[in-house]
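Please write a short briefing on this protein chain for a first-year student. Keep it plain, and group the points by topic.

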Amino acid sequence: MKRQTLSTLLSVLLLSGAVTSCKKENKADQTPKLSADDNTLGAVSAAARSYNLIWSDEFDGTSLNTSKWGYENGNLGVNNEKQFYQTQNVAVSNGNLVITARKESVAGQPYTSGRINSNGKFSTRYGRIEARIKLPAIQGLWPAFWMLGNSISTGAGWPACGEIDIMEHVNTGNTVLGTIHWFNTVYSYYGGNTNTTPTDYHVYAVDWDASAIRWYVDGVQFHEANILNNINGTEEFHAPFFILLNVAVGGNLPGNNINDGGLPASMLVDYVRVYSITDTPGGGTAPIGSTITIKGSNGLFASGENGAQAMTCNRPTAQAWEQFTVVDAGGGKVALRSQGMYVSSENGAQAMTCSRPTIQDWEKFNWIDNGDGTFSLRGNNGSYVSSENGTQAMTCNRPTIQGWEKFTR
């Protein structure tokens, strides 16, 4: 939900696709529907991504589950909107969350509606966030499925907290919007759109990882924003966000020409689901079972040092200590074995070693294909392995991928 209209537009890859309607599906099927080209920016193929359901609400009861959602009530004073949000405009019925906009005056506002969020109950940093929604498509209405950074509650304010609009729709058109908002010296936003049939059920989703945010309708990607290494001041999008659902009436985006005769009107939400995303080896990226060398951007090779001391990346030639076997560590992660021992990130607390006899959490890494002929390794602590340019022992404590965090083999 845009808070204002000032814009700073950034050039990021834009992909568009046509979308068709779908029938109401069996709720028992909780696997996200992905298109054949659902892929991480320069990273892995669709076959190399796995999704694990970590949170959901199927709206199968008779009232809102307040262990998962909280109500936002009142006149929030944003976007020149005309509604007063109240609890009684939110219901759960026939397997749907129902948020209804009505023509009625409360507390000086000429309309009422509903807005809920998961703030303080659930938030996520990265993942696939999706909902199956049927929209009202009435002149003057502005339904949305979106996210805000948790830091809005701890003093960051908006837009510095960051905002991800997974789906917005205004008025009676067939266009749905996907947008991010953030602070980069000034308020900034970047958005895309696609056409669909809003009054039918569709699955609206984002795939969000350390590289990018990608927008989908029914598994077809239509937009992408690059957030790799905080490009263009996008550090907001590497922190936890919570989920919101609402129907605004009037405001800056739809305008204030409101079809009173079309009210009451409701947005129906069949479910909301959140999945963690794992880049699974064996999909044409991580060379499982192969013995490789690891060459830093300094042109020198990483050495396991036979497990006798901290690892370095300063060897001009590759001998036995500079050779590593890539092992499938399960759960979409790999381990690296040299001289019978495994490389450990040491959880980023000290220099890396190659002295562990078994694979535990610190010995597991995500293999990241950077799309430029290099790869990176992300430890279980969420940080990246650095060669340290060969001037000191290797570490696994870098929050982003720069030159020293890229390797070839």
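The points below cover the overall fold, the cores, two hairpins and the main pocket.

This is a predicted model. The chain has 30 strands and 0 helices. Of its 409 residues, 53% are buried.

**Overall build**

- Counting contacts with a separation of 6 or more, 65% are between residues 24 or more positions apart in the chain.

**Nonpolar cores**

- In soluble globular proteins, nonpolar side chains tend to be buried together.
- Here the largest nonpolar core contains 54 residues.
- Phe145, Ile164 and Leu245 have the most contacts inside that core.
- A second core, separate from the largest one, has 21 residues, including Ala302, Val334, Val343 and Cys396.
- Beyond its neighbours within four places in sequence, leucine 245 is in contact with residues from several parts of the chain, among them Trp69, Leu97, Phe145, Met267 and Val272.
- The contacts of leucine 245 also include Gly114, Arg115 and Ile116.

**Strand β23 and its two partners**

- Strand β23 covers residues 333–338, and 5 of its 6 residues are buried.
- On one side in sequence is β22 (residues 324–330), which pairs with β23 in the antiparallel sense over 5 bridges.
- Glycine 330 has lysine 333 of β23 as its bridge partner.
- β22 and β23 form a hairpin with 2 residues between them.
- In the turn of that hairpin, glycine 331 has a positive phi of about 65 degrees.
- β23 is also joined to β24 (residues 341–344) by 2 bridges, and these two strands run antiparallel.
- Serine 338 stands opposite methionine 341, which belongs to β24.
- The hairpin of β23 and β24 likewise has 2 residues between the strands, and glutamine 339 takes a positive phi near 55 degrees there.

**The largest pocket**

- The largest pocket holds about 630 Å³ of space.
- Its lining consists of 31 residues.
- Nearest the centre of the pocket lie Arg125, Tyr126, Asp209, Ala210 and Arg378.
- Four strands give two or more residues each to the lining: β1 (49–57), β17 (265–279), β26 (365–369) and β27 (375–379).
- The largest share comes from β17, which gives 4 residues.
- By type, the lining divides into 15 polar, 10 nonpolar and 6 charged residues.

Conventions
Residues are numbered from 1 along each chain as its sequence is written. This is a predicted model: local features need pLDDT of at least 70, side-chain atom pairs count only at pLDDT 80 or more; totals for chains, interfaces and linings use all residues. Side-chain values use heavy atoms; hydrogens and water are left out. On a 1 Å grid over the protein atoms alone, a cavity is a set of points where a 1.4 Å probe fits but cannot get out, and a pocket is an open set with protein on both sides within 12 Å along at least five of seven lines; lining residues have an atom within 4 Å of a point. Grid points are joined across faces, edges and corners, and a volume is the space filled by probe spheres set on the points. Ala, Val, Leu, Ile, Met, Phe, Trp, Tyr, Cys and Pro count as nonpolar, Asp, Glu, Lys and Arg as charged, and the others, Gly among them, as polar. Buried means under 20% relative accessible area, exposed over 50%, partly exposed in between (1.4 Å probe, protein chains only). Two strands pair if DSSP finds at least two bridges between them. A nonpolar core is a set of buried Ala, Val, Leu, Ile, Met, Phe, Trp, Tyr and Cys residues joined through side-chain atoms within 4.5 Å. Contact means heavy atoms within 4.5 Å.
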